[in-house]
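Please examine the structure shown below. The explanation that follows moves from a pair of facing residues to a strand, and then to a metal site.

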Amino acid sequence: MKWGIFMNIIFVCVVLAEMFCLAVCACKAFKGKNNLAKFIALYESMVVICAASVLGCYFVKNTNMAMLFRGIMLSCFDWLVMLLIFYTEFYTKVFRTHRIIKIILSLYCLADTIMLISNPWNEIMFPVKDMMCDGIVYQFTQTGLLMRIHYIFNYVGILLVMLVFGIKMIKTSRFYRIRYKWIFSSLVAANVINIMVTGTNYLYDVSVAAYGLMSILIYYYSLDYIPNEIIENTLSLIIKDMNCGIICFDNNGRCLYISDILCDIYDKHLNKGNAQDYYKMWMAKNDSSDSESFRFEIQMEICDDKRIYEVVYKKVYDEDNNFICDYFIFNDRSAQIQSYEREKYRATHDSLTGLYNRENFFVEVRELIERNPDVDYSMICSNIKDFKLINELFGLQKGDEILIKQSRIMNDLVLSGGVYGRIQGDRYALCMPTRLIREQLILTSIQQMQKEFLDTSFHLHVMVGIYNIKDSGEAISSMVDKANIAAETIRNNYQRNIAYYDAKLFEKSVEERLIIGEFENAIENNRFVMYLQPQAAEDGTIYGAEALVRWEHPERGLLFPGAFIDVLEKTGLVYKLDMYIWNLAAKKLKEWKEIGREDLYISVNISARDFYFINIYQIFKNLIEKYNINPVNLKLEITETALMSDFEKNMRVIHKLQDFGFKIEIDDFGSGYSSLNMLKDISADVLKIDMGFLRQSENESKGRDILESVINLAGKIGMEVITEGVETEEQLKMLTGMGCKMFQGYYFSKPIPVREFEAKYSIQ
Ligand code: C2E
Ligand code: CA
Ligand code: CA
């Protein structure tokens with residue numbers, strides 16, 4: 001009997017202790033904000049009620065009351081199983097219960113609860129008799145169907161829960177397996193105990209204690225338990241994910257932790273054993289006064305790949321300011337640095353050739369010169385004549401190829417100690433020590449480029465200008481300008497590829513700039529005037545005149561075309577001047593027509609660039625219509641080279657002009673690359689031969705023979721011939737002897753102002 005009381009006390013104490021723990025768990029869970037906590041709170045509360053009803057069964061002497069508690073206890077099981085199912089669903093997410101099933105389950109629990117609680121009075125579930133032993137309810141006969149359903153519901157529910165936890169335990173990450181393992185184990189243990197107790201009719205329902213313990217474990221593992229292993233593992237995974245290396249040391253300088261990435265960075269040479277050596281090495285990089293935190297950069301070679309790490313050092317203190325640990329974080333900045341480098345490269349280099357661009361070339365040259373104050377440097381600039389034509393004739397790809405080739409040549413030219421870049425378009429610049437310049441090398445390079453066009457009729461003319469830098473403090477842009485000025489001087493000289501800068505060139509370029517600056521104003525103020533030079537027969541009777549422009553400059557006096565035509569052609573402004581003179585000529589022809597001198601003509605000059613900038617045909621047609629003159633009286637002088645720039649297109653224009661009635665003269669025949677063969681392709685009306693052609697010739701008698709043949713040939717193909725530059729009577733006689741009938745030259749008259757011309761030849 002004493003033993004029985006002792007067992008009672010133990011049993012009650014255990015149940016009370018558990019109830020207390022469960023109540024605490026329930027309270028804590030109720031404070032939780034998420035649904036899981038709410039489920040667990042409900043579940044734990046239900047377990048408390050269940051345990052209380054168990055105690056009720058033991059201490060209440062009244063059979064009906066004991067049966068009532070028993071009923072409450074059994075119905076608690078229903079609710080517990082249902083809450084357990086919902087909790088399992090929510091916690092494991094292995095299955096989903098349909099809302100209707102949830103409602104059915106709840107309704108069943110409610111019905112079962114009502115039936116179990118009312119059982120003492122209606123005995124619908126089980127009979128009350130034979131249920132008391134020594135005043136304690138411990139058993140009842142399980143005969144009723146409803147009671148069987150109750151048990152089936154309970155055990156099937158529990159089995160389902162166990163099954164789900166079993167699956168979860170296998171499937172989940174090893175980090176979290178421990179949670180499911182404990183809940184699963186406690187479920188199994190509690191149910192095994194329950195079956196044993198039920199099977200053996202043991203007086204004390206020890207399973208109550210087992211379920212209680214299981215419920216505490218559920219609370220603990222679901223809400224409270226975060227094992228260090230999980231913290232460590234997840235943190236190290238996060239660190240890994242952050243893609244940075246971490247190493248941490250305690251207050252004695254002992255290594256606490258090294259991330260895998262850091263081990264990899266040091267190719268596994270770094271470990272906890274030798275970490276202190278590395279610590280000293282890294283700490284030595286601190287060049288700031290702050291020892292609490294600092295940063296530095298480290299370069300490492302990993303699998304032949306150069307990587308750059310930004311390392312941050314920091315100390316950690318607790319809330320009382322006691323030193324706890326310090327750590328280094330290695331951030332891989334290679335990608336960022338590479339993209340920065342790429343960006344920098346893009347901003348400083350030319351995308352096509354990879355050479356320095358203009359701005360960066362200037363910076364590099366300045367640095368080069370300043371680094372070597374004792375070295376004499378030269379600026380070399382190259383430019384391709386009519387590069388635009390290469391693009392137009394051979395396509396952009398060919399143009400690009402030539403540019404790339406030129407950039408490679410630059411590289412070959414700089415033997416050592418030079419800087420080069422692409423300044424703009426087809427303009428390249430190179431700064432190198434003067435003593436290293438080899439003209440022959442430059443010429444060979446140019447020949448290499450010219451080879452690209454060997455099987456075409458295009459002549460690639462590369463102009464190279466060299467400026468020996470006198471003053472190292474001079475602006476780089478000015479050095480480049482000077483080299484370019486030198487290059488420009490050989491623009492039309494196909495025999496030369498290299499030109500040196502001298503001060504006179506600079507003066508010329510200043511002069512050119514002056515002309516460009518004053519040009520528009522001069523046109524507006526009618527500062528350009530037309531001079532006329534007669535074109536005459538042997539006896540001096542005139543056929544007409546050539547219009548030659550003069551600039552009446554307010555300060556510099558009368559300027560000849562040689563002083564300004566070239567620069568106006570270079571800048572493309574010449575068409576404005578030509579249109580101005582053409583208009584004066586047409587106007588004069590109208591005046592002559594009105595006074596009955598329609599027999600006289602005026603020849604005007606057309607520049608090569610005019611074809612490029614204006615619609616020549618339309619402009620001349622308009623002039624004829626505006627002044628109502630005969631197009632035969634306005635002759636057009638064009639040089640062969642002007643036609644050659646775009647032969648087919650220009651010939652189309654010429655034919656249109658001829659169809660309209662204009663007469664075309666080939667000017668300066670014999671001064672350029674004239675070829676007799678070309679005459680058959682150009683259907684001009686007049687061939688104008690320059691006497692200078694004869695003067696230049698080394699062998700005068702040979703020159704005369706050629707001149708005579710040309711005059712004859714022209715006559716045979718139906719072209720008139722006029723010789724210009726006739727200065728002496730002998731020349732006149734000689735040319736007459738050769739069959740030439742028209743002449744122009746100082747022998748007859750220099751170009752003179754229109755009024756003078758009209759007076760001299762009585763055109764009134
Ligand atoms: P060009 O068309 O060959 O004109 C003939 C040039 O030879 C003129 O020079 C004329 O003064 C010069 N000349 C005439 N007879 C003799 C002579 O017996 N001996 C020598 N040594 N020279 C003689 P100018 O007027 O200085 O013109 C030079 C060039 O300027 C012209 O050569 C022409 O190409 C260009 N030019 C003149 N006026 C115009 C114009 O209105 N428009 C364009 N685009 N060019 C023009
Ligand atoms: Ca002319
Ligand atoms: Ca001429």
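Which residue stands opposite Thr723 in S20? In this predicted model, the residue facing Thr723 is Ile689. The strands concerned are S19, residues 686-690, and S20, which run parallel and are joined by 5 bridges.

Strand S20 also pairs with S21, residues 742-744, again in the parallel sense, here over 3 bridges. Thr723 takes part in this pairing as well, with Phe743 as its bridge partner in S21. Between S20 and S21 the chain passes through helix H28, residues 729-738, and the resulting β-α-β crossover is right-handed.

The surroundings of S20 may be considered next. Strand S20 spans residues 720-724, and because 4 of its 5 residues are buried, the strand is largely enclosed by the rest of the structure.

From the strand, attention turns to the calcium ion (ligand 3). Glu724 appears twice among the protein donors of this ion, through OE atoms, alongside Asp667 (OD) and Asp668 (OD). These donors lie 2.0 to 3.0 Å from the calcium ion (ligand 3). Along the sequence, the donor residues follow the spacing D-D-x55-E.

The two aspartates can be described in terms of their accessibility. Asp667 has a relative accessibility of 7% and therefore counts as buried, the cut-off for that class being under 20%. Asp668, at 25%, counts as partly exposed. Asp667 has a further role in the geometry of the site: it bridges the calcium ion (ligand 3) and the calcium ion (ligand 2). The two ions lie 3.8 Å apart.

Definitions and conventions: Residues are numbered from 1 along each chain as its sequence is written. Chains are lettered from A and ligands numbered from 1 in the order in which they are written. This is a predicted model: local features need pLDDT of at least 70, side-chain atom pairs count only at pLDDT 80 or more; totals for chains, interfaces and linings use all residues. Side-chain values use heavy atoms; hydrogens and water are left out. Donors are N, O and S atoms within 2.8 Å of the metal (3.2 Å for Na, K and Ca); water is not among the atoms, so sites may look incomplete. Buried means under 20% relative accessible area, exposed over 50%, partly exposed in between (1.4 Å probe, protein chains only). Helices (H or I, at least four residues) and strands (E, at least two) are DSSP runs, numbered from the N terminus. Two strands pair if DSSP finds at least two bridges between them. A crossover is right-handed if, with the strands pointing away from the viewer, the path from the first strand over the helix to the second runs clockwise.
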